[in-house]
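Here's a quick briefing to read alongside the viewer. Pull up the model and follow along topic by topic.

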Amino acid sequence: MKKRSIGLAAAGVLLLALTGCAAGGDAGGTGEGPKPLDELVVGFSQVGAESGWRTANTTDIQGAFEDAGIELKFSDAQQKQENQIKAIRSYIQQQVDVIAFSPVVESGWDAVLNEAKAAGIPVVLTDRAVDSADDSLYVSFLGSDFVEEGKKAGEWVVEEYADADDVKIVQLEGTTGAAPAIDRAEGFADVIGADDKFEIVASQTGDFTRAGGKQVTEALLKSNPDIDLIYAHNDDMGLGAIEAIEAAGLTPGEDIKIVTVDAVKDGMQALADGKINFIVECSPLLGEQLVEIVTQINDGETPEKRIVTEETTFTQEQAVEALPDRQY
Ligand code: GYE
């Protein structure tokens, strides 16, 4: 009898050691072995509702978790980093199984991510990157290659203006400090920088919003009436620019050409209508892949560190064709 209880105790210690090891050893383990999906809880901190892309992204993520039968706690940070930090801290306090978030800006996450790590809660980055030097602070980063998107926009511009001698460009930047704003500017500059006939005469943030794009374009048209092209880091700012161009008595898509990124429905409609000239796609449909990452973590597997979203580009003709089947 005595012998047997010692045996059980030893087995218990062994089990504790094993599960303890899983929890501490890799940030990807929930530490307790797989839970039934309906017992899993994921906390998601969204950037805000600044654009059509963001709304589609939220709908897709919420839908995917509902379909999978996994509870998703959701909070909208209204484009403020402090709100995201608060949300993440509250998810840590609630001891959720996984935290996912789309960081509004790249910098300033180390402290809160270290708190999540210390609590043994794996973190998944969706859509946007952080610039932390310590990549053990997150398990996986799921999203687009924004530098590549900027390059695709630049390549179209180089081809479109192959015969021009002098091209004046206005850039409408996304949220200052956000990965897609930094990277889309970089990729674009890399490509057009090869030829000095391209000049970015002004570059200002419109915060990824329609109102921001409109306001900045209105002001910039006054100081730069002879611009040839607007490169907007997302469709919404391009749509705002269209309003400003029309209000100035000019024809968007002709007098001033427009290139954007995203390819959400309103953007695609404007492209099909000839008001935008080219769109680089950025897919907001990350929900299913995020569910898969969460499931892998729950199963004790290690998800891929970087998962790049597949995307294409659209000309005006391609937009006319694609529009009827566009989901978002
Ligand atoms: O392009 C823009 C949104 O982070 C990829 O954020 C996302 C960007 C998207 O507001 O419309």
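How far apart do the end C-alpha atoms of residues 42–301 lie, and what are the helix and strand percentages of that span? The ends sit 17 Å apart, C-alpha to C-alpha, and the span comes out at 44% helix and 20% strand. Keep in mind that this is a predicted model. As for the label, an unreviewed UniProt entry puts the feature "domain: Periplasmic binding protein" at residues 42–301.

**The sheet that starts with β2**

- Here 6 strands make an open sheet, ordered β2-β1-β3-β4-β5-β11, and the pairing is parallel.
- Its edges are β2 (71–76) and β11 (306–308), each with a pairing partner on one side only.
- On average, neighbouring strands in this sheet are turned by 15 degrees against each other, ignoring direction.
- At the β11 end, β5 (residues 140–143) pairs with β11 in the parallel sense over 3 bridges.
- If you want a spot to click on there, Phe141 stands opposite Arg306 in β11.

**The sheet that starts with β7**

- This open sheet also has 6 strands, in the order β7-β6-β8-β9-β10-β12, but its pairing is mixed.
- The edge strands are β7 (198–205) and β12 (313–314), and each of them pairs on one side only.
- Within this sheet, β9 (residues 257–262) and β10 (residues 278–281) run parallel, paired over 4 bridges.
- Val259 is the residue standing opposite Phe278 in β10.
- Helix α8 (residues 235–247) lies across β6 (167–173), β8 (229–232), β9 and β10.
- Relative to β9, helix α8 runs at about 155 degrees.

**Around the ligand**

- There are 13 residues around the ligand, and the ones that come nearest are Glu50, Asp127, Arg128, Asn234 and Asp262.
- Glu50 has a polar side-chain atom 2.4 Å from a ligand oxygen atom.
- For Arg128, a polar side-chain atom lies 2.7 Å from an oxygen atom of the ligand.
- Ser51 joins in too, with a polar side-chain atom 3.0 Å from an oxygen atom of the ligand.
- How much of the ligand's accessible area does the protein cover? The answer is 100% of the 300 Å² that the ligand has on its own.

**Gln79 and its surroundings**

- You'll find Gln79 in the loop between β2 and α3 (81–93).
- Setting aside neighbours within four places in sequence, Gln79 is in contact with Val47, Gly48, Glu50, Val104, Thr175, Asp207 and Thr209.
- Glu50 in that list is also one of the residues that come nearest to the ligand.
- Which side chain does the side chain of Gln79 make a polar contact with? That partner is Thr175, at 3.4 Å.
- For a sense of distance, Gln79 and Ala119 are 40 residues apart in sequence and 26 Å apart in space, C-alpha to C-alpha.

Notes
Residues are numbered from 1 along each chain as its sequence is written. This is a predicted model: local features need pLDDT of at least 70, side-chain atom pairs count only at pLDDT 80 or more; totals for chains, interfaces and linings use all residues. Side-chain values use heavy atoms; hydrogens and water are left out. Two strands pair if DSSP finds at least two bridges between them. Helices (H or I, at least four residues) and strands (E, at least two) are DSSP runs, numbered from the N terminus. Contact means heavy atoms within 4.5 Å. Axes are lines fitted to C-alpha atoms, for helices over the stretch in contact, and angles run from 0 to 180 degrees between N-to-C directions. A residue is near a molecule or strand if one of its heavy atoms lies within 4 Å of it. A polar contact is a pair of N or O atoms within 3.5 Å; within protein, one must be able to donate a hydrogen and the other to accept it, and residues adjacent in sequence count only if both atoms are side-chain atoms. Accessible areas come from the Shrake-Rupley method with a 1.4 Å probe; for residues, only the protein chains shown count as cover. UniProt positions are given in the numbering used here, feature names are shortened, and annotations may be inferred rather than shown by experiment.
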